[in-house]
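Take a moment with the fold before reading on. Start at one end of the chain and follow it through.

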Amino acid sequence: MKLTRRYLIAIGMIASTISAPALAGQSDDGVKRLALQISDNDPATFNKALNVATNFARGMSEAGDMYEIEIVAFNAGLHMFRTDTSPVLDRLQSISESVPDVTFSACGNTIAGMTKKEGSEPPISQHAGVVPAGVVRLMELDDEGYYVIRP
């Protein structure tokens, strides 16, 4: 019985090693992936996230590594992408133009909630695409091998 239990534990450990990605945040294609979660209306957090994204991109570029970055905003964090309330619109535009492989995603559920509360749809930066649900998008990115970070 002990031999069988040890055998099953060993098989389970081997199977989990084989089925797990070699490194989280890096897929079989060698691309390093980073997702940043923005869920609070805090200008300091907006700037931290943009700093993390640009520093990551710079580091990957200098190392000759391919990368992808996605910043996902939902709940109060959606203010990062609102053209009427965001304190970082100039940085969003600059990063969109200068950092390849960065994506900005705005939560459709949050937009719908703000629309209902405010009586009109909030204006979202042209640099941000809308995803159905921010949390679901982060879960998808995690499943795709992205490191998901909340700065």
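The paragraphs below go from the whole chain to the sheet, then to its helices and two loop residues.

This is a predicted model. The chain holds five helices and five strands. They alternate: starting at the N terminus, the order is α-β-α-β-α-β-α-β-α-β. The chain has 151 residues, and 37% of them count as buried. Its exposed surface comes to about 8,800 Å². Carbon and sulfur atoms supply 55% of that area. Now look at the contacts between residues with a separation of 6 or more. Of these, 72% link residues 24 or more positions apart.

Next, the sheet. In what order do the five strands lie? The order is S4-S3-S2-S1-S5, in an open sheet with parallel pairing. S4 and S5 (147-149) stand at the edges. Each has a single partner strand, so one side of each lacks a neighbour in the sheet. From one strand to the next, the twist averages 25°. Helix H2 (residues 43-63) packs on this sheet. H2 touches S1 (32-38), S2 and S3. The direction of H2 makes about 170° with that of S2.

Strand S3 (residues 102-107) deserves a closer look. How many of the six residues of S3 are buried? Five are, so S3 is largely enclosed by the rest of the structure. A residue counts as buried when its relative accessible area is under 20%. The sheet order places S3 between S4 and S2.

Take the S2 side to begin with. S2 (residues 67-73) and S3 run parallel and are joined by five bridges. Within this pair, Val72 stands opposite Ser105 in S3. To get from S2 to S3, the chain passes through helix H3 (residues 89-98). This β-α-β crossover is right-handed.

Now turn to the S4 side. Four bridges pair S3 with S4 (residues 128-131), again in the parallel sense. Here Phe104 stands opposite Ala128 in S4. The link from S3 to S4 goes through helix H4 (residues 108-118), and this β-α-β crossover is right-handed. H4 lies across S3 and S4. H4 runs at about 40° to S3.

Side chains are worth a thought when you view these strands. In a regular strand they alternate between the two faces of the sheet.

Finally, check the backbone in two loops. Most residues other than glycine have a negative phi. Two residues here go the other way. Asn75 is one of them, with a positive phi near 50°. Where is Asn75 placed? The loop between S2 and H3 holds Asn75. Its relative accessibility is 44%, so Asn75 counts as partly exposed. Asp101 also has a positive phi, near 65°. Asp101 sits in the loop between H3 and S3. With a relative accessible area of 48%, Asp101 is partly exposed too. Both values fall short of the cut-off for exposed, which is over 50%.

Put these pieces back on the path of the chain. Leaving S2, the chain enters the loop that holds Asn75. H3 then carries the crossover towards S3. The loop with Asp101 comes between H3 and S3. From S3, the path continues through H4 to S4, one of the strands at the edges of the sheet.

Methods:
Residues numbered from 1 in each chain as written. Predicted model: local features only at pLDDT ≥ 70, side-chain atom pairs only at ≥ 80, totals over all residues. Heavy atoms only, no water. Buried < 20%, exposed > 50% of the residue type's maximum accessible area, 1.4 Å probe, protein only. Contact = heavy atoms within 4.5 Å. Areas by Shrake-Rupley, 256 points an atom, 1.4 Å probe, with all protein chains shown as cover. Pairing = 2+ DSSP bridges. Right-handed = clockwise from strand over helix to strand, strands pointing away. Axes fitted to C-alpha atoms, helices over the stretch in contact; angles between N-to-C directions.
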